[in-house]
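I opened this entry to record what I looked up in one protein chain. My topics were secondary structure, strand pairing and the nonpolar core.

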Amino acid sequence: MNLRLVVNGSERQVEAQPGESLLAVLRDRLQLTGSKYGCGEGQCGACTVLLGGRAVRSCRTEAADAAAKKITTIEGLEQPGGRLHPVQAAFLDAESFQCGYCTPGMIVAAVALLQREPDPSEEEIASGLAGNICRCGTYARIAAAVRQAAQAMRQAPGHAADQRQGRRPGHEEEMPR
Ligand code: FES
Ligand code: FES
């Protein structure tokens, strides 16, 4: 069947099998291999993408159910000018990975968490990422990166707090890290 998907801001037409997972379509048909296949059963979070702004397990989401919704993968977090998303930059700064297999899913889940809660507590970070498993056990560094990214995003031009103070977003300004 032919599907129209909106992936990382671009409309894509793909041929998919009935029941084919969104993860398979992203990786095998659109060559967006940042999202990882871990368990294939919705248990590990390695395949996490944003669907309509919500973090979902793409291994357990049928591609047909994602049609016409906005899909954002780890590749789609790239910022204007090719800069890293603040969460990606914070993961690098805090060295929040070893093998890196869980990292794309962790980052996407963290982005979703920070969209819901811009200043999460330790408990909210732990519960927000509880569905994402890291076999290498880098949870402390992952939490540190989320705290760092939260602070950077709150201080970034265009944040709601800036708008309340009457500041305007400035595209020419560098995103704080
Ligand atoms: S691969 Fe999707 S949750 Fe594990
Ligand atoms: S860094 Fe290896 S699974 Fe998380």
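My entries on these topics follow.

I worked from a predicted model, in which local features need pLDDT of at least 70, side-chain atom pairs count only at pLDDT 80 or more, and totals for chains, interfaces and linings use all residues. Residues are numbered from 1 along each chain as its sequence is written, and chains are lettered from A and ligands numbered from 1 in the order in which they are written.

**Secondary structure.** I found 6 helices and 5 strands, taken as DSSP runs numbered from the N terminus (helices: H or I, at least four residues; strands: E, at least two). Along the sequence the pattern reads β-β-α-β-β-β-α-α-α-α-α.

**Pairing of β1.** I took strands as paired where DSSP finds at least two bridges between them. β1 runs antiparallel to β2 (residues 10-15), with 6 bridges, and Arg4 stands opposite Gln13. In this hairpin 2 residues lie between the strands, and Asn8 has a positive phi near 50 degrees. β1 runs parallel to β5 (residues 70-72), with 2 bridges; here Val7 stands opposite Ile71.

**Core.** I looked up the largest nonpolar core (buried Ala, Val, Leu, Ile, Met, Phe, Trp, Tyr and Cys joined through C-beta atoms within 7 Å); a residue is buried if 20 or more other C-beta atoms, placed from the backbone, lie within 10 Å of its own. This core has 43 residues, and Val108, Ala110 and Ala149 have the most contacts inside it. α3 gives the most, with 9 residues.

Notes:
A residue is buried if 20 or more other C-beta atoms lie within 10 Å of its own, exposed if 12 or fewer, and partly exposed in between; C-beta atoms are placed from the backbone.
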